[in-house]
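Reader: I should like to understand the terms applied to this model. Please set each value against its definition.

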Amino acid sequence: MTASSLLHRSPLPRTFYARPARDVAKALLGARLLRLVDGQRVGGIIVEAEAYCDSAEPDRACHGTRNNGQPTLRTTVMFGPAGHAYIYFTYGMHWMFNVVTGEPGQANAVLIRALEPDTGEWIISHNRRKQPRSKWTNGPAKLTAALEIDNKLNGTELFSAETVLWIENGRAVLPAQIASGPRVGLGKTPEPWFSKPWRYWITDNPFVSQYR
DNA sequence: AGCACGATTAACT
DNA sequence: GTTAATCGTGCTC
């Protein structure tokens, strides 16, 4: 393998993201999330994702619904154009990676919850040392730690030619292999939002997050 | 100005 | 199964 092939990028186009979050979440299963770290590609196959703010009525689980549905310093990117990275800090220590979907002015987004690592695994193993490979990227904050994704990448254009963070075509996933269920970690979110089946994952994939 | 909690994780018992 | 870690955000007073 040559040095130039290591740097090759073929990101999904902006138009891939410009549709409802649930459609994007399902289409992302099997795609490969990649991050350039010290000139090396690091990442894996997306195996679990959740849709937020994808309904006519305000999704009470969605950050974009807070502050009376108006953008804040934190959520501005969510309200912007599709194909950008919305990255936020939570629980005092964790970063979460989302892709912005839909039309500008709406706060649609998809949370990437788990990857099957397949690229630059020596870098992932360093970032996730002390953990077994099965737990390197099987959770939303685990994968950001593994791929060195933090606030410096908030707002990144995932489709630009020079991006250091992008998603490309990966593995084919048939509709029959996609499972769905309620989103994880919604806490006090009221019904019906608590139970909306807007979490999608690849059936039987061992890197899907474990706990509820 | 103060406060409760979060789109979680790892290390406990 | 239970709990500490750790702090920015949005909401209430």
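Reader: What makes C53, P58, D59, G64 and T65 stand out in the lining of the second largest pocket?
Author: Of the 14 residues that line the second largest pocket, these lie nearest its centre. A pocket is an open set of points on a 1 Å grid over the protein atoms alone, where a 1.4 Å probe fits, with protein on both sides within 12 Å along at least five of seven lines; lining residues have an atom within 4 Å of a point. The model is predicted: local features need pLDDT of at least 70 and side-chain atom pairs 80 or more, while totals for chains, interfaces and linings use all residues. Residues are numbered from 1 along each chain as its sequence is written, and side-chain values use heavy atoms, without hydrogens and water.

Reader: How much space lies in the largest pocket, and which residues lie nearest its centre?
Author: About 780 Å³ lies there, a volume being the space filled by probe spheres set on the points. Its lining has 36 residues, with Y88, T90, Y91, M96 and G185 nearest the centre.

Reader: Why is T101 called buried?
Author: Buried means under 20% relative accessible area (1.4 Å probe, protein chains only). T101 has 0% relative accessibility and therefore counts as buried.

Reader: Which residues does T101 touch?
Author: Contact means heavy atoms within 4.5 Å. Not counting residues up to four places away in sequence, T101 touches Y17, R19, P20, A21, V24, A82, N108, A109 and V110.

Key
Chains lettered and ligands numbered in written order. Buried < 20%, exposed > 50% of the residue type's maximum accessible area, 1.4 Å probe, protein only.
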